[in-house]
Amino acid sequence: MATSVAEIESRNGLEAAAGGEDVHVRVAIVGSGFTGLAMVHALRKAGTEDFLVLERSAGVGGVWRSNTYPGIACDVPSHLYSLSFAPNPDWERTFSSGGQIWDYEEQVARDLRMAERTWFGEALVDARWDAARAHWRLRTTTRQLTAQFVVDGSGVLAEPKLPAIEGIERFKGALFHSARWNHDEDLAGKRVAVIGTGASAIQIVPAIQPQVAHMTVFQRTPGWVIPRNDRDITDAERRALRRFPVLQKLIRGWQWAYRDAVLLQVMHRPAWRRFFEAVSKAYMRATIDDPALRAKLTPDFEIGCKRILITSAWYPALNQPNVDVETTPIAEVREHAVVTADGVEHPVDAIVCATGFHVTDPPAGEIFHGRDGRSLAETWGASPRAYRGVTTANFPNLFRIGSIGTGTGHFSHIAQIESAITYVMDALRVADARGLAAVEVSEDAQEQYARRLHAMVKDTVWAIGGCSSWYLDASGEPSAVWPGSGWMYRRWTRSFDVEAYAVTPRALVAAPAPAPMAGSVR
Ligand code: NAP
C-alpha cells in the first residue's frame, strides 16, 4: 500500500521527475481547504490510499489560509462550522476568528497526515480528459500526473475579484484585495479607502478604524445587518464539552435545525423577510444616530437577497468621526486619490478592495477540458450547471465540491461539502463494484435537475429580492445557491444514482489506467 507522495511517485518503479507524467493516482484532490480535508478523511476511512492532493499554496487551509485581513471571523457558529468527524470542544468563541479556524484546519491536517499526500506549491493549471485511457491528464505549476477521478475542492470564494476602475493601476499608494492582505503595509495613521460593503468589509472596517487617520468607505449597495451574538466560550463550558461529547452534538444539531427551520424561511417567505427587516431597522435606529447616515445605510432590496451581514461592530465603526461613508459612485483612481462621479477628489494613502470573488466564473472554468475538448466555461455558457451540485455533463469522473448550486447564504458550507463528499464516495464505491472506468452524468439528467432547482429557486429572495449579488450568474439565474435545507441536500446526495450517468466499463477501455493500489472503496 502506498503511504506517501514519494511512494506514489515511485510505485511503478519510476521516479517522477518534474515535468514527467509517471504519476498516476486513483483520485486527485484539488485544494487542501475543508473539501480537501474531508475528502482525505473519507478516502482513508474507506480504506484507500491511492490519492494525491494538489495545493497551490505552501500550506493547508484554503480560504482561511489566504484571508488574513484584520477582524476576520466566521458568521456561522463555531460548533456548526466544523467538520463532523473532527468535533472541537476547545473553540474559544461562539463565532470563531479566521485564525482559530485555520489553526483547526492545520490540526485536522496533522491528524490526517495530509502533508504526506500533498504536493504543496503546485496549482492545477490544466486538466484534460483522455477518453482512450479513461483518465484525467493534469498539469500543475511544474509537474504532470494522471488521475482516474478528480475531486475539485478549489473553492467558491477563492479567486479575488478586483474592481475594474479607470486609472486604478496608476495608484501610487498601497493597494490590495481583502483576500490578499498586505501585512507589510502599516495602515496606522494613514488615509484609507475601503471599496465594498460586503461580509469582508464589515469585518475589516471596525478592525482598522481605530488605527487609521481617516477612512472613506465607498459603498455601492448597503447590506442588511443583524447583530452578532458573539461571546467567549467559558472554561467550564469547554470542560463540559470535553467530558460529554454528546453536548457538542446537541449544540451543533440545534444550530443546524435553527438555520434550516428559521433562516431558510427568510429566503422563501416574504412575511419572514418583513420580520427580519424590522429587526434590522430597529437595530440600525438603536445604533446609528445620524439620520443622513441611516438613510445611506438603508437597503432598497429585500433582506436575504444579498448575504445578510451578521455583525455588531460595523454600525458602531461607521459612527466614528474618522469614518465617512461615500455613496457617490467611483469614477476613477488617480495617483493619490479616489475620484467620485461628482468630481470630488478623496485623497488616500491606501486602498483596500473588499470587492468579492469570481464565483460563477471561477478559474476552474478555463482549466478543465471535457470529453469533447471544450472547457467548463465554454460548456456552461452564461449559466453554470452541476448535477446535484457535483457533476457536469461532458466531464466524466470530475466531481466539483461546494461550488455551483450548493451555497446557502444561511448555513454551514462545511456541512454542504460533507454531503457532497458522501455522494462522491458512493460514486467511487459503485465504480469499483461494477468495474467502471468512467461515469458521466447525462445531459438529460442534468437538464431535469436544473429545471427542478429552477422551480425551487425562482420565487426565492435570491431571484426576486431586487438586488444583484454573487449568487447570480451572467444570465441572472441564482445558480450559485442551493434553495433547500441542509437536510434536503444531505438526502439528495446520500447515494450515487448511477442510472443518471453514462458509464464506461473498464473492459471497453483500450488501455485502462492501472487498477487501484489499495483495494476497493468500501
Ligand atoms: P461580496 O459580498 O461580493 O461584496 C463585495 C462588495 O464590493 C460589495 O459591497 C460590492 O458592491 C462591492 N463592489 C464590488 N465591485 C465594486 C466596484 N467596482 N465599485 C464599488 N464597489 C464594488 O464580497 P465579500 O465581502 O468578500 O464576501 C463574499 C462572501 O464571502 C460573502 O458573501 C460570504 O459568503 C463570504 N464571507 C464570509 C464571511 C463569514 O463570516 N463567514 C466573511 C467574509 C466573507 P455591490 O453590493 O453593489 O455589488
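Which residue in strand E6 is the bridge partner of Trp136? In this predicted model, the bridge partner of Trp136 in E6 is Ala147. The pairing to which these residues belong joins strand E5 (residues 135–140) to strand E6 (residues 144–152) through four bridges, with the two strands running antiparallel, and the connection from E5 to E6 is a hairpin through three residues.

Strand E5 also pairs with strand E4 (residues 124–130), again in the antiparallel sense, and this pairing extends over six bridges. Within it, Asp126 has Arg139 of E5 as its bridge partner. E4 and E5 likewise form a hairpin, here with four residues between the strands, and Ala134 in the turn adopts a positive phi of about 55 degrees.

A helical contact was also examined. The axes of helix H2 (residues 34–45) and helix H13 (residues 413–434) come within 10 Å of each other and cross at roughly 40 degrees; because the angle lies neither under 35 degrees nor in the range of 65 to 115 degrees, H2 is classed as oblique to H13. The crossing of the two helices is right-handed. On the H2 side, the contact involves Phe34, Thr35, Ala38, Met39, Ala42 and Leu43, which meet Ile414, Ile417, Glu418, Ile421, Val424, Met425 and Leu428 in H13. Classified by residue type, the contact of H2 with H13 comprises eleven nonpolar residues, one polar residue and one charged residue; Thr35 counts as the polar residue and Glu418 as the charged one.

Definitions and conventions. Residues are numbered from 1 along each chain as its sequence is written. This is a predicted model: local features need pLDDT of at least 70, side-chain atom pairs count only at pLDDT 80 or more; totals for chains, interfaces and linings use all residues. Side-chain values use heavy atoms; hydrogens and water are left out. Axes are lines fitted to C-alpha atoms, for helices over the stretch in contact, and angles run from 0 to 180 degrees between N-to-C directions. Angles under 35 degrees count as roughly parallel, over 145 as roughly antiparallel, 65 to 115 as roughly perpendicular and the rest as oblique. A crossing is left-handed if the near helix is turned anticlockwise from the far one by less than a right angle, and right-handed if clockwise. Contact means heavy atoms within 4.5 Å. Two strands pair if DSSP finds at least two bridges between them.
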